[in-house]
Amino acid sequence: MFNPSVSAGAFTELDQFIFESWGYFVIPNVLSKEEIKECVDASIRLHEAASTVGWGQIGRGYESEYALEKLMDHPAVLPKIRGLLGDRFIMQSGWNTMQPAKGCMGGWHQDGSSAFDFNKLAYPIPLIQLRASFLLTDQEEPGMGNMELIPGSHRSLVPLPDLIRTGKLDTPISHVICAPAGSVLVFHNAVWHRSYEHNWDYDRYTMHYIYSPPWVKPSDRFSNDVGFMQKTTPVRRALMGDFSRPDAPFGANYTPPPFEDN
Ligand SMILES: O=C(O)CCC(=O)C(=O)O
């Protein structure tokens, strides 16, 4: 299967070229079998507690589930995020998505804010929400609740035609990501994408982490949970937006998160 695969860890010039050209890349096999199981068990707990019916997304699961907290700054992925966003960014949100057994196709969309369409900002649409999606169930062939993306569509000057967006017609240029559980898809908010159908008889889980410039408001929380902030690490606290600024708003540099190499 033709995939824009990159190696875990250091962000290379080729990673950057792939990301700029396609708008996404895949890091295969980031999580071990044990880690995948811990994350799936955590996902099941979250969706059971929320009584999710049908397709559903739960925010903030990383606060109560340590297996998901650990993925916020995973060493296989964090260098890619820093390579693309620099050192000053936040984790705007973390969403755990369940696509139920035999779930149907999702709708084509770009990520952003329905309150203010990112296409009003500039062309090409800037990178405001960089997403790292940890596939927690196998998606090795189409029809497993895969992510489907249109490569390079983050640079399209025109919107996706309505007939395609509404699912009445197919596009010949979409790409169904096929990768084993534990792989990570990193993608630009402006890439047109949707969840592909899921023909199997078990629920599909994916954990999405969204990284944004520091002046973007968090979207899965109005405020940080005090207990979580006390128990988590300094880097994760900073990723939650807990940093002091020498002035407001962002007129001068503030101290970046205490990444190990800083
Ligand atoms: O089904 C999924 O996990 C992906 C959902 C999606 O496309 C989104 O949250 O923007």
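Asn 29 lies in the loop between strand E1 (24–27) and helix H2 (33–49). Its phi is near 50 degrees, a positive value in a residue other than glycine. This is a predicted model, so features like this one belong to a prediction.

A second backbone detail sits further along the chain. The peptide bond from Tyr 123 to Pro 124 is cis. Its omega is near -10 degrees. Pro 124 is also a loop residue, placed between E3 and strand E4 (130–135).

Now turn to the open spaces. Rolling a probe the size of a water molecule over the atoms shows where empty space is left. The largest pocket holds about 510 Å³ of space. Three elements each give two or more residues to its lining: strand E3 (90–99), strand E8 (193–195) and strand E9 (204–212). E3 supplies the largest share, 4 residues.

In total, 29 residues line this pocket. Nearest its centre lie Trp 95, Asp 111, Gly 112, Gln 129 and Arg 131. By class, the lining has 14 polar residues, 10 nonpolar ones and 5 charged ones.

What takes the space of the largest pocket? The ligand does. E8 and E9 are the elements that give two or more residues to the shell around the ligand. That shell can be read off residue by residue. Trp 55, Gln 57 and Thr 97 belong to it, as do His 109, Asp 111 and Arg 131. Met 147, His 193, Ser 195, Arg 204 and His 208 complete the list. Of these residues, 6 are polar, 3 are charged and 2 are nonpolar. Asp 111 and Arg 131 appear here, and both are also among the residues nearest the pocket centre.

Which side chains have an N or O atom at 3.2 Å from an oxygen atom of the ligand? Arg 131 is one of them. His 193 is another. For Gln 57, the distance from a side-chain N or O atom to a ligand oxygen is 3.0 Å. On its own, the ligand has 290 Å² of accessible area, and the protein covers 95% of that.

The second largest pocket is a separate stop on the tour. About 230 Å³ of space lies in it. Part of its lining is Asp 73, Pro 75, Leu 78, Pro 79 and Arg 82. The rest is Val 235, Pro 258, Phe 259, Glu 260 and Asp 261. Which element gives the most to this lining? Helix H5 (residues 78–85) does, with 3 residues. By class, the lining has 6 nonpolar and 4 charged residues, and no polar ones. The lining of the largest pocket, by contrast, includes 14 polar residues.

Note on methods: Residues numbered from 1 in each chain as written. Predicted model: local features only at pLDDT ≥ 70, side-chain atom pairs only at ≥ 80, totals over all residues. Heavy atoms only, no water. 1 Å grid on protein atoms, 1.4 Å probe; cavity = no way out; pocket = protein on both sides within 12 Å on 5 of 7 lines; lining within 4 Å. Points joined across faces, edges and corners; volume = space filled by probe spheres on them. Nonpolar A, V, L, I, M, F, W, Y, C, P; charged D, E, K, R; others polar. Near = heavy atom within 4 Å. Polar contact = N/O pair within 3.5 Å; in protein donor to acceptor, adjacent residues only side chain to side chain. Areas by Shrake-Rupley, 256 points an atom, 1.4 Å probe, with all protein chains shown as cover. Sits in = over half its atoms within 2 Å of the grid points.
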